[in-house]
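Q: I am new to this structure and would like a close look at just one part of it. Please pick a helix, show me what it packs against, and then tell me how the rest fits around it.

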Amino acid sequence: MNIQEKCRMALIDLITEKIVKVPLVSNDKPEVIRELIQILVDAGEVSDFDAVLKAVNEREEKQSTGLEEGVAIPHCKCDAVSTLKIAIGIAPQGIDFNSIDGKPSKLFFLMLASPNQAGPHVEALAEIAKLVRSKAFCRAVISAENAMEVVELFRGE
Amino acid sequence: MSSPIKKIMVYIDGTEQSVTAAQYAICLASFSGAELIACYVVNTRAMEDLLKARIFLQDEQLEYEHDMEADGERYLNYVNELAVKKGVSIVRKQSRGSVHKEIVDIVEQETIDLLVVGELSRIRSRRDEFYDETERAIRMVNCSVLVVKDEDRVWEIYESLV
């Protein structure tokens, strides 16, 4: 057994410019999920696009991860990744993501966890959940003009 | 004079740093004859928050809880193997709840003299200062705390232990 798979890595260490896209170009939910996964493929973080897409869609079929106030956090466990992966996308125009409050989603966090890394996944999700409780923070991120600004906002928070 | 340290607890969270802390705690227990407890906490508080925020579904929460319990067993068994190799006995303790609160409670219940933890992650943002569970435990426990650093040196000490 390799206990040392899990490194102490703060969420901020995962958020770099290459996993942030501003703005997203998609217009609907299936497209935006694909676009978010493609960010990770382009960044070299994910190789099996189809496996990830299947896992994300299976989770979305149970219930949409579109939350309130324009935030969506699609997430799942997936054999295609060995460590926690995150992609962030901003869609200032808003995309219908079947959210709880019916409002269009503008700030997307795609989170993929390895099946044997439940702890880091839960911790990262909890950290994101705390962050997005701040409407001011969400507004600032949604207004960001580029990936660097988004990363800076996360570092400064 | 008898040793002031009779009970040591090491907090294990599955990180490399916590394994290094466990190796050091095993050495300390061997040298001092202190009783050694290894503790892992399933962070059910975080999962409850995720359920409340509707990020998790009920069955998803249960699935993750089950996964984290299994992770905890694996981590504690690994640390137990490290201790057994050096002839040190270790009590494995798995708890559930808010991580820092559980650590504080176990330290009190078990009348721990020394809490051993792994090196803390670098502070990268303001929220790290508020939300790092290990750091919060360090601040709140009523016993002395040892933060273990220098993985290579600790490994040498552990390896040299007969």
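A: Here is a walk around one helix of chain B, followed by its surroundings and a short visit to chain A.

This is a predicted model, in which local features need pLDDT of at least 70, side-chain atom pairs count only at pLDDT 80 or more, and totals for chains, interfaces and linings use all residues. Residues are numbered from 1 along each chain as its sequence is written, while chains are lettered from A and ligands numbered from 1 in the order in which they are written.

Our helix is α1 of chain B, residues 16–32. Helices (H or I, at least four residues) and strands (E, at least two) are DSSP runs, numbered from the N terminus. One partner of α1(B) is helix α3(B), residues 58–85, and the two pack at an angle of about 35° with their axes 10 Å apart. Axes here are lines fitted to C-alpha atoms, for helices over the stretch in contact, and angles run from 0 to 180 degrees between N-to-C directions. This crossing is right-handed; that word applies when the near helix is turned clockwise from the far one by less than a right angle, and left-handed when it is turned anticlockwise. On the α1(B) side the contact is made by Ala22(B), Gln23(B) and Ile26(B), and on the α3(B) side by Val79(B), Leu82(B) and Ala83(B). Two residues are in contact if their C-beta atoms, placed from the backbone, lie within 7 Å. The residues of this contact divide into five nonpolar, one polar and no charged. In that count Ala, Val, Leu, Ile, Met, Phe, Trp, Tyr, Cys and Pro are nonpolar, Asp, Glu, Lys and Arg are charged, and the others, Gly among them, are polar.

Now turn to another partner, helix α7(B), which spans residues 151–160. The axes of α1(B) and α7(B) come within 9 Å and cross at roughly 40°, and this crossing is left-handed. From α1(B), Thr20(B), Gln23(B), Tyr24(B), Ile26(B) and Cys27(B) meet Glu151(B), Val154(B), Trp155(B), Ile157(B) and Tyr158(B) of α7(B). These residues divide into seven nonpolar, two polar and one charged. Gln23(B) and Ile26(B) belong to the contact with α7(B) and also to the one with α3(B).

There is a strand to visit as well. Val10(B) lies in strand β1 of chain B, residues 7–11, and is buried, with 28 other C-beta atoms within 10 Å. (A residue is buried if 20 or more other C-beta atoms lie within 10 Å of its own, exposed if 12 or fewer, and partly exposed in between, with C-beta atoms placed from the backbone.) Leaving aside neighbours within four places in sequence, Val10(B) is in contact with Ala21(B), Ala22(B), Ala25(B), Ala38(B) and Val116(B). Ala22(B) is thus named in this contact list and in the contact of α1(B) with α3(B). Val10(B) and Leu36(B) are 26 residues apart in sequence, yet 7.7 Å apart in space, C-alpha to C-alpha.

The partner helices have details of their own. Glu73(B) sits in α3(B) and counts as partly exposed, with 13 C-beta neighbours inside 10 Å. In the loop between α2 (44–52) and α3 of chain B you will find Arg54(B), whose phi is near 65°, a positive value in a residue other than glycine. Asp150(B), in the loop between β5 (144–148) and α7 of chain B, also has a positive phi of about 65° although it is not a glycine. Asp150(B) is exposed, with 12 other C-beta atoms within 10 Å.

How far can you trust the picture? The average pLDDT of chain B is 92, and 93% of the residues score at least 70; pLDDT is the predictor's confidence in each residue, from 0 to 100. Within chain B, confidence is highest in β1(B), at 98, and lowest in helix α5 (residues 126–131), at a mean of 59. Where pLDDT is low, the predicted coordinates should not be read in detail. For the complex, the predictor gives an ipTM of 0.82 and a pTM of 0.84.

Finally, chain A has six helices and five strands, and its mean pLDDT is 90. A cis peptide bond joins Val22(A) and Pro23(A), with omega about -10°.
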